[in-house]
Amino acid sequence: VELEHLWVEPGRHGRGLGRALLLHAAGESRAAGGRVLRIVADPNAERFYSRLGARRVGDSPSLPAGRMLPVLELSLT
């Protein structure tokens with residue numbers, strides 16, 4: 001399962017909204033039979049995903065071109 005575009009408005013960071021959204025997405029993905037949640041993240045969000053158990057597995061070029069984005073995976077098992 002791939003997660004696309006999980007964003008929290010910067011003024012609302014630190015309130016648990018992103019965590020709640022990610023846990024909800026993981027639960028729905030697990031219920032649908034997913035085993036791994038793949039995330040192509042903004043570089044500034046990598047630490048957030050890592051704190052919640054995702055691990056970096058590679059990089060992907062951004063669109064438009066110009067930087068590399070971290071690719072992370074979160075086990076759903």
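Two strands count as paired here if DSSP finds at least two bridges between them. Helices (H or I, at least four residues) and strands (E, at least two) are themselves DSSP runs, numbered from the N terminus. With that in hand, strand S3 (residues 55-61) and S4 are a good place to start: they run antiparallel and are joined by 6 bridges. One of the partnerships puts Ser60 opposite Leu69 in S4. The two strands form a hairpin with 6 residues between them, and Gly66 in the turn has a positive phi of about 140°.

A word on the ground rules. This is a predicted model, where local features need pLDDT of at least 70 and side-chain atom pairs count only at pLDDT 80 or more, while totals for chains, interfaces and linings use all residues. Residues are numbered from 1 along each chain as its sequence is written, and side-chain values use heavy atoms, with hydrogens and water left out.

Back to the strands. S4 (residues 68-75) also pairs with S2, again in the antiparallel sense, over 5 bridges. Leu37 has Leu74 as its bridge partner in S4, and Ile39 has Leu72. S2 in turn is joined to strand S1 (residues 2-3) by 2 bridges, but here the strands run parallel; Leu3 has Ile39 as its bridge partner in S2.

What links the parallel pair? S1, helix H1 (residues 17-31) and S2 make a right-handed β-α-β unit. Right-handed means that, with the strands pointing away from the viewer, the path from the first strand over the helix to the second runs clockwise.

Now look at the two faces of S2 (residues 36-40): Leu37 and Ile39 lie on the covered one, and Val36, Arg38 and Val40 on the uncovered one. Leu37 and Ile39 turn up again in the largest nonpolar core, which has 13 residues; Leu3, Leu22 and Tyr49 join them as those with the most contacts inside it. Such a core is a set of buried (under 20% relative accessible area, 1.4 Å probe, protein chains only) Ala, Val, Leu, Ile, Met, Phe, Trp, Tyr and Cys residues joined through side-chain atoms within 4.5 Å. H1, S2 and S4 each give two or more residues to this core, with the largest share, 3 residues, coming from H1.

Contact means heavy atoms within 4.5 Å. Leaving aside neighbours within four places in sequence, Leu22 is in contact with Leu3, Leu6, Leu37, Phe48, Tyr49, Leu52 and Leu74.

Finally, Val1 sits in the segment before S1. Not counting residues up to four places away in sequence, Val1 touches Ser29, Gly34, Val36, Leu37 and Arg38.

How values were computed:
Buried < 20%, exposed > 50% of the residue type's maximum accessible area, 1.4 Å probe, protein only.
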